[in-house]
Amino acid sequence: MSTDLTFTDDGVDVVYEGTEFELEKDLIEDATGKGYRDVTDHEVLQIVAEDPDLDGEPVRIGDVL
């Protein structure tokens with residue numbers, strides 16, 4: 001199964017193995033030790049999944065928004 005991430009100004013909407021939830025901006029910053037816009041999609045995937053498939057180049061959330 002895939003993991004779908006949708007980035008917003010408030011956090012990331014996640015669909016992981018059929019379960020939908022939101023990772024709040026503050027939680028992501030606390031988990032990574034970085035500002036929200038400097039966190040990459042790969043780092044968010046590593047928060048969500050134990051052993052994520054990290055294909056392609058990482059993309060900063062700031063570049064997506």
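On the surface of this predicted model, three residues, Val59, Val64 and Leu65, come together as a nonpolar patch. Their combined accessible area is about 210 Å². Valine 59, one of these residues, belongs to the loop that runs between α2 (41-48) and α3 (61-64). With a relative accessibility of 34%, valine 59 falls into the partly exposed class, because that class covers values between 20% and 50%.

Turning to the strands, the model contains an open sheet of three of them, arranged in the order β1-β2-β3 and paired in antiparallel fashion. The edge positions are taken by β1 (3-7) and β3 (19-24); each has a single partner strand, so one side of each has no neighbour in the sheet. On average, and ignoring direction, neighbouring strands of this sheet are turned by 20° against each other.

Each pairing can be followed strand by strand. β1 and β2 are joined in the antiparallel sense by five bridges, and the two strands make a hairpin with three residues between them. Within this part of the sheet, aspartate 4 is found opposite valine 15 of β2. On the other side, β2 (residues 11-16) pairs with β3, again in the antiparallel sense, over six bridges. Here valine 14 has phenylalanine 21 in β3 as its bridge partner.

Two helices lie across the strands. Helix α1, formed by residues 25-32, lies across β2 and β3 and runs at about 75° to β3. Helix α2 lies across β1, β2 and β3, and its direction makes an angle of about 125° with β1.

What of the charged side chains? Side chains of opposite charge can pair when their charged atoms come close. Searching the whole structure gives four salt bridges. One of them links lysine 34 to glutamate 43, with 2.9 Å between the closest N and O atoms. Lysine 34 is partly exposed, as its relative accessibility is 33%.

Another salt bridge connects aspartate 38 with arginine 60, where the closest N and O atoms are 3.1 Å apart. Aspartate 38 sits in the loop between α1 and α2, whereas arginine 60 sits in the loop between α2 and α3, so this pair ties together parts separated by 22 residues in sequence. Both partners are partly exposed: the relative accessible area is 42% for aspartate 38 and 31% for arginine 60.

Arginine 60 also meets the side chain of aspartate 63 in a salt bridge, at 2.9 Å from N to O. Aspartate 63 counts as exposed, because its relative accessible area is 56%. Through shared partners, these salt bridges join Asp38, Arg60 and Asp63 into one network.

Note on methods:
Residues are numbered from 1 along each chain as its sequence is written. This is a predicted model: local features need pLDDT of at least 70, side-chain atom pairs count only at pLDDT 80 or more; totals for chains, interfaces and linings use all residues. Side-chain values use heavy atoms; hydrogens and water are left out. Patches are made of residues with over 30% relative accessible area and no salt bridge: like charges are joined within 9 Å, nonpolar side chains (Val, Leu, Ile, Met, Phe, Trp, Tyr) within 5 Å. Accessible areas come from the Shrake-Rupley method with a 1.4 Å probe; for residues, only the protein chains shown count as cover. Helices (H or I, at least four residues) and strands (E, at least two) are DSSP runs, numbered from the N terminus. Buried means under 20% relative accessible area, exposed over 50%, partly exposed in between (1.4 Å probe, protein chains only). Two strands pair if DSSP finds at least two bridges between them. Axes are lines fitted to C-alpha atoms, for helices over the stretch in contact, and angles run from 0 to 180 degrees between N-to-C directions. Contact means heavy atoms within 4.5 Å.
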